[in-house]
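Here are my notes from going through this one, set out as numbered points. Have the model open alongside while you read.

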Amino acid sequence: MSKAERKVAGARTRARELMVQALYQKQIAGHTTAELLAQYHEDTAYARVDQAFFDEIFPAICRSQAELETKIDDLIDRPLEQLDPIELSILLIGVHELEARIDIPYRVVINESVNLARRFGATDGHKYINACLDLAAQSLREVEVQANAGG
């Protein structure tokens, strides 16, 4: 990976971190997408993220949150309401990326999500995120998963 590619990857990782915070805040405080976008655009951390990625993905997740939650509900072993808000935020990002961002390899989506869970989630939450997104990838990225398994 070139230095430029690492810089982009780091900015994307930081964008995902900011999204976890924004989605958490949306769940806990009930802010609107527009309010959160305005707030995070003013945040000093926003200057260091992949802004185009954040500005595309965060509103898209908010618009399709009900559909994403239905997909997540099929992946998990407990009622959706029992998911930790951080885990739900990470799963929303991961499932959205698996479904809508075919340009991002599924293994990258899972790895980024696991790292987010390690950073923000409960002690062993990353294992749960890994299992759920691995299952999601098998249905949402079936061809890609099979191609990687075969080679």
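The points below go through helix packing, two buried positions and the salt bridges.

1. One thing to keep in mind throughout: this is a predicted model.

2. Let's start with α2, which covers residues 33-42. Its buried residues are T33, L36, L37 and Y40. These sit on the same side of the helix, because the arc they cover around the axis is only 100°. Turn to the other side of α2 and you find A34 and E42, which are exposed. As for what the buried residues pack against, the partners are α1 (3-29) and α3.

3. Next, α3 and α4. Helix α3 takes in residues 51-63 and helix α4 residues 65-75, and the two pack with their axes 5 Å apart at an angle of about 75°. Anything from 65 to 115 degrees counts as roughly perpendicular, so that is the label for α3 and α4. On the α3 side, the contact is made by I61, C62 and R63, while α4 brings in Q65, E67 and L68. By type, the residues of this contact are three nonpolar, two charged and one polar.

4. V95 deserves a look. This residue is found in helix α5 (residues 85-100), and its relative accessible area is 1%, so V95 is buried. What does V95 touch, once residues up to four places away in sequence are not counted? The list is L68, K71, I72 and L75, together with L133, A136 and L140. L68 also turned up in point 3, as one of the α4 residues in the contact with α3. There is a C-alpha distance to note here as well: V95 and A137 are 42 residues apart along the chain, and their C-alpha atoms are separated by 8.3 Å.

5. S113 is the other position I picked out, and this serine lies in helix α6 (residues 106-120). Buried or exposed? S113 counts as buried, because its relative accessibility is 2% and the cut-off for buried is under 20%. Leaving aside neighbours within four places in sequence, S113 is in contact with I90 and G94, and also with I129 and L133. L133 is on the V95 list too.

6. On to the charged pairs. How many salt bridges does a search of the whole structure find? The count is eleven. One of them joins the side chains of R101 and E56, at 3.1 Å from N to O. R101 is in the loop between α5 and α6 and E56 is in helix α3, so this pair ties together parts 45 residues apart in sequence. R101 is buried, at 10% relative accessible area, whereas E56 is partly exposed at 41%.

7. R78 appears in two salt bridges. With D77, the closest N and O atoms are 3.5 Å apart; with E87, the N to O distance is 3.9 Å. The three residues fall into three accessibility classes: D77 counts as exposed at 64%, R78 as partly exposed at 28%, and E87 as buried with 9%. If you check the R78 and E87 pair yourself, note that the salt-bridge cut-off is within 4 Å.

8. Last item: R16, E97 and E112 are linked in a network of salt bridges. For orientation, R16 falls within α1 (3-29), E97 within α5 (residues 85-100) and E112 within α6 (residues 106-120).

How values were computed. Residues numbered from 1 in each chain as written. Predicted model: local features only at pLDDT ≥ 70, side-chain atom pairs only at ≥ 80, totals over all residues. Heavy atoms only, no water. Axes fitted to C-alpha atoms, helices over the stretch in contact; angles between N-to-C directions. Helix = DSSP H or I, 4+ residues; strand = E, 2+ residues; numbered from the N terminus. Parallel < 35°, antiparallel > 145°, perpendicular 65-115°, else oblique. Contact = heavy atoms within 4.5 Å. Nonpolar A, V, L, I, M, F, W, Y, C, P; charged D, E, K, R; others polar. Buried < 20%, exposed > 50% of the residue type's maximum accessible area, 1.4 Å probe, protein only. Arc of directions from axis to C-beta.
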